[in-house]
Structures are given as C-alpha cells and as structure tokens.
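Reader: I'd like to learn how to read a few features in this one. Can we start with helix packing?

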Amino acid sequence: MINNLCKQCPRNCNTRRQDASAAGYCRMPASPVIARAALHFWEEPCISGTNGSGTIFFSGCSLRCVFCQNAQISHGGQGLPISIERLAVIMKELEQAGAHNINIVNPTHYYEVIKEALSLYRPSIPLVYNSGGYDCLRVADEDLFDIYLIDCKFITPQKSARYCGAADYFSVCSALLKALYERIGQGITDENRIMQRGLMIRHLLMPGMTNEAIRIINWVAKYAHDATFSLMAQYLPCGKAADYPEINRRITQREYDKVCDALFEADLPHVYLQERSSAKDCYIPSFNGEGVLKRIE
C-alpha cells in the first residue's frame, strides 16, 4: 500500500513516499502525479487504432535514461497531483471518449496506486501496462492488466548502467518478459485488429547499438517467439544525450537496414517496424496537463 516503505520497483529504495521530504528514487510522492491524459494516436496500430489509445502519463520514473524523450516529466517531475479517486474518473472519461483501451504509461512506481484506482472503477475496455521494462515480477504474477507493452532497452550491463542507471536492467527485464510470455503467450485481437490481450516487446534502436538490437531480437526469437515485437526507429537525442557524444545523433540508414535485415532473418511472426522518418519531435506529446484536472471530452 502507498503508506508503507516503497518497494514499487526493483530499486527497493524503502522510502516513505508519503513524507513531503522523501520521494524515493523515482522522485515522486505516494499520491499520483499525472502529466497528460488524452487520446493518443501514435502507438502501434493495434493499440491506437482509429479512435486512439486512452493514455495516462505518470510523472517520475524508476530509471535514469539519459536520452528520455519525456525527460520533463520522467526526470523533471512536471505534472499535476491528483487523488486516486480522480485517477479512477480519468479512466472512465477516456473510456467514454471512445478510447480503444486505457494505456497506463510509466506505471512502475505507482503500481499500488493504480490497483486502488481500479478497485474503484475498472473500465470494460482493455487495460495496457506500458513500461520501461524495469519492473518487479509481481506485475506478471498478478493478472491486473490485459496488454503489456514492455520496453527491452539494453542487453549488456555496461550500456544499461551508462544510459539508464541500472546495471541489472536486462536481468530484471528478461525475467519479467519470460514470465509474461509464459502467462499470456500470443496476443488476441478483435475483428478490427485491435489488441485485446497480449505481450508486445518494444526495442528502440539507438546510435551505434546495432549489435545490441540484434542480440535482443535473437533473444526474443528464442524466448518469446510468438509475442508481438516492435522495432522503433524514432530515436532523437533528447534529455541529456548531448553529454554522451556517441548517442548525440539520429540513427543512420545503414544502422537501420542492418537491424531490419536481422529482424527479417529472425522470422518473428508478429512484428511492427517503425520507419526511420518517425524520428521527429512532433510525435512527442505536449505534457501540458491536458485531461488531468478537467473532464476529458
């Protein structure tokens, strides 16, 4: 519960987040802080569909990704504090606005808060757990969500330590993915090809990391073959990327083609492949508090 010492993420920082002076590794209080709640049209087609995905962006993060496109909310803490009751109402409002699903973005450090909100109101549309992949195994053990969109960012401890502040990232992420795959397996879609249940593994191709990407693809082919795999090419040098010259650029066509060739060779049955032209800042949402305090139409 939110009044206990915090063990919401693998950091287990044991912070009493309800105290004003202690916000833990995620830098967030115990009560929810939300930066945006609106229909979102830039997820994979099976998630956004034609009506949009009802996304709720939580502020704060249990990772320290130096390249984060949402750095103002993940690291900067931008967002509006709300009650658990308001969070439940936001989910209902997004459902009433016609969303295909309720998409909880960056939920890791608010897992118990989300559970409490769902005890007040559970939408009849699918619930999406959209995370950076650094989560406790209870996420897989508890059948709380219908769809899991899980990043698999890095496979080598050196890179995950340098770029997201977690040397144990892949050991944590791979254990979660294996557990989710074992429980969910292949995804289920409706007659309009909108996902109703399933696991989607996402990987963001980064500059100079084609071998990293290929190793992740091969891992997925071996351990989660029938899961949906999404290769993203939207990398932009955001956040503190300028402090890391090796990633302070976009991916090249050669890098993109090399990883695409490996993806095709892996012969995964359910794949989304983002075009390299998607690397534009116009696709980054405006975190202006839309839908957080006022009714979502």
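Author: Sure. A crossing is called right-handed if the near helix is turned clockwise from the far one, and left-handed if it is turned anticlockwise by less than a right angle. Keep in mind that this is a predicted model.

Reader: Which hand does the crossing of α3 and α4 have?

Author: Here α3 passes α4 in a right-handed crossing. The axes of α3 (residues 84-96) and α4 (residues 111-120) cross at roughly 65° and come within 8 Å. On the α3 side, the contact involves Ile-84, Glu-85, Leu-87, Ala-88 and Met-91. From α4, the residues in the contact include Val-113, Ile-114, Ala-117 and Leu-118.

Reader: Now backbone angles. Which sign of phi do most residues other than glycine have?

Author: Most of them have a negative phi. Asn-106 has a positive one, near 60°, and sits in the loop between β4 and α4. Asp-267 also has a positive phi, near 60°, in the loop between α9 and β10.

Reader: Is Asn-106 buried or exposed? And Asp-267?

Author: Buried means under 20% relative accessible area, so Asn-106 counts as buried at 15%. Exposed means over 50%, so Asp-267, at 58%, is exposed.

Reader: Last one: what is the nearest side chain of opposite charge to Arg-138?

Author: That's Glu-112, 4.0 Å away, yet Arg-138 is buried and has no salt bridge. Arg-138 lies in helix α5, and its side chain reaches the backbone oxygen of Lys-7 at 3.4 Å. Among the residues Arg-138 touches are Gln-8 and Tyr-111.

Key: Residues numbered from 1 in each chain as written. Predicted model: local features only at pLDDT ≥ 70, side-chain atom pairs only at ≥ 80, totals over all residues. Heavy atoms only, no water. Helix = DSSP H or I, 4+ residues; strand = E, 2+ residues; numbered from the N terminus. Buried < 20%, exposed > 50% of the residue type's maximum accessible area, 1.4 Å probe, protein only. Lys, Arg positive; Asp, Glu negative; His and termini not counted. Polar contact = N/O pair within 3.5 Å; in protein donor to acceptor, adjacent residues only side chain to side chain. Contact = heavy atoms within 4.5 Å. Axes fitted to C-alpha atoms, helices over the stretch in contact; angles between N-to-C directions. Lists of a residue's contacts leave out its neighbours within four places in sequence.
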